Amino acid sequence: MKKIYLFCSAGMSTSMLASKMQEAANAHNLPIKVAAYPHNKLAEIFESDRPDCILLGPQVKYMYDETIAQYGDKGVPIAVIDAGDYGMMNGEKVLKTAIKMIKANK
């Protein structure tokens, strides 16, 4: 089971995108868990339930460098979700991007 976790400021719109991504994963029978959390929970989640991919919502793009500084050497790919895909709530496309990141990271 691969874990793709989305982090943003509050987690509202990101949780909508996460559930669209989860629907896409389920539709393709992929063993993937997608969840959304507020960015301030990242350290706690990373310790307790290490994700395979960290995606940041466009609204916390400014935290990308800090996130890379803290977790970039932990072997987990980190990216900012494309603002267009985010705005369109394109779960399928964001999921594909995350899967490519996980595969490229092996």
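Contact, as used in these exercises, means heavy atoms within 4.5 Å. The structure is a predicted model, in which local features need pLDDT of at least 70 and side-chain atom pairs count only at pLDDT 80 or more, while totals for chains, interfaces and linings use all residues. Residues are numbered from 1 along each chain as its sequence is written, and side-chain values use heavy atoms, with hydrogens and water left out.

**Exercise 1. Characterise the surroundings of Q22.**

Step 1. Locate the residue. Q22 belongs to helix α1; helices (H or I, at least four residues) and strands (E, at least two) are DSSP runs, numbered from the N terminus.

Step 2. Classify its accessibility. Q22 counts as buried because its relative accessibility is 19%; buried means under 20% relative accessible area, exposed over 50%, and partly exposed in between (1.4 Å probe, protein chains only).

Step 3. List the partners. With neighbours within four places in sequence left aside, Q22 is in contact with I32, K33 and V34.

Step 4. Examine the polar geometry. A polar atom of the Q22 side chain lies 2.9 Å from the backbone oxygen of I32.

**Exercise 2. Describe the aromatic pair formed by Y5 and Y37.**

Step 1. State the criterion. Rings of Phe, Tyr and Trp (its six-membered ring) pair if their centres lie within 6.5 Å; planes under 30 degrees apart count as stacked, over 60 as edge-to-face and the rest as tilted.

Step 2. Apply the criterion. The structure holds three aromatic pairs. One of them joins Y5 and Y37 in an edge-to-face arrangement, with 5.3 Å centre to centre and 75° between the planes.

Step 3. Place the partners in the chain. This pair links distant parts of the chain, since Y5 lies in strand β1 (residues 2-8) and Y37 in strand β2 (residues 32-38), 32 residues apart.

Step 4. Extend the description. Y5, F7 and Y37 form one aromatic cluster. Y5 is classed as buried because its relative accessibility is 0%.

**Exercise 3. Determine the environments of H39 and C53.**

Step 1. Begin with H39. This residue sits in the loop between β2 and α2 (42-48). H39 is buried, because its relative accessible area is 9%.

Step 2. Find its polar partner. The side chains of H39 and T67 make a polar contact at 3.0 Å. Such a contact is a pair of N or O atoms within 3.5 Å; within protein, one must be able to donate a hydrogen and the other to accept it, and residues adjacent in sequence count only if both atoms are side-chain atoms.

Step 3. Add the remaining contacts. Not counting residues up to four places away in sequence, H39 touches F7, C8, S9, L56, V60, M63 and T67.

Step 4. Turn to C53. Strand β3 (residues 53-56) contains C53, and its relative accessibility of 0% is why C53 counts as buried.

Step 5. Trace its partners. Residues up to four places away in sequence being excluded, C53 touches K3, I4, Y5, V76, P77, A98, M101 and I102. The C-alpha atoms of C53 and P77 are separated by 5.2 Å, although the two residues are 24 residues apart along the chain.

**Exercise 4. Analyse the largest pocket.**

Step 1. Define the object. On a 1 Å grid over the protein atoms alone, a pocket is an open set of points with protein on both sides within 12 Å along at least five of seven lines, and lining residues have an atom within 4 Å of a point.

Step 2. Give the volume. The largest pocket holds about 160 Å³ of space; grid points are joined across faces, edges and corners, and a volume is the space filled by probe spheres set on the points.

Step 3. Identify the lining. It consists of K2, L30, P31, I32, I99, I102, K103 and K106. Helix α5 (residues 91-104) gives the most to this lining, with three residues.

Step 4. Sort the lining by character. Five residues are nonpolar, none polar and three charged. Here Ala, Val, Leu, Ile, Met, Phe, Trp, Tyr, Cys and Pro count as nonpolar, Asp, Glu, Lys and Arg as charged, and the others, Gly among them, as polar.

**Exercise 5. Compare the settings of N29 and M89.**

Step 1. Read the backbone angles. Phi of N29 is near 55°, a positive value in a residue other than glycine; phi of M89 is likewise near 55°.

Step 2. Assign the loops. N29 is in the loop between α1 (12-27) and β2, and M89 in the loop between α4 (83-87) and α5.

Step 3. Classify the accessibility. N29 counts as exposed at 67% relative accessibility, whereas M89 is buried, with a relative accessible area of 14%.

Key. On a 1 Å grid over the protein atoms alone, a cavity is a set of points where a 1.4 Å probe fits but cannot get out, and a pocket is an open set with protein on both sides within 12 Å along at least five of seven lines; lining residues have an atom within 4 Å of a point.
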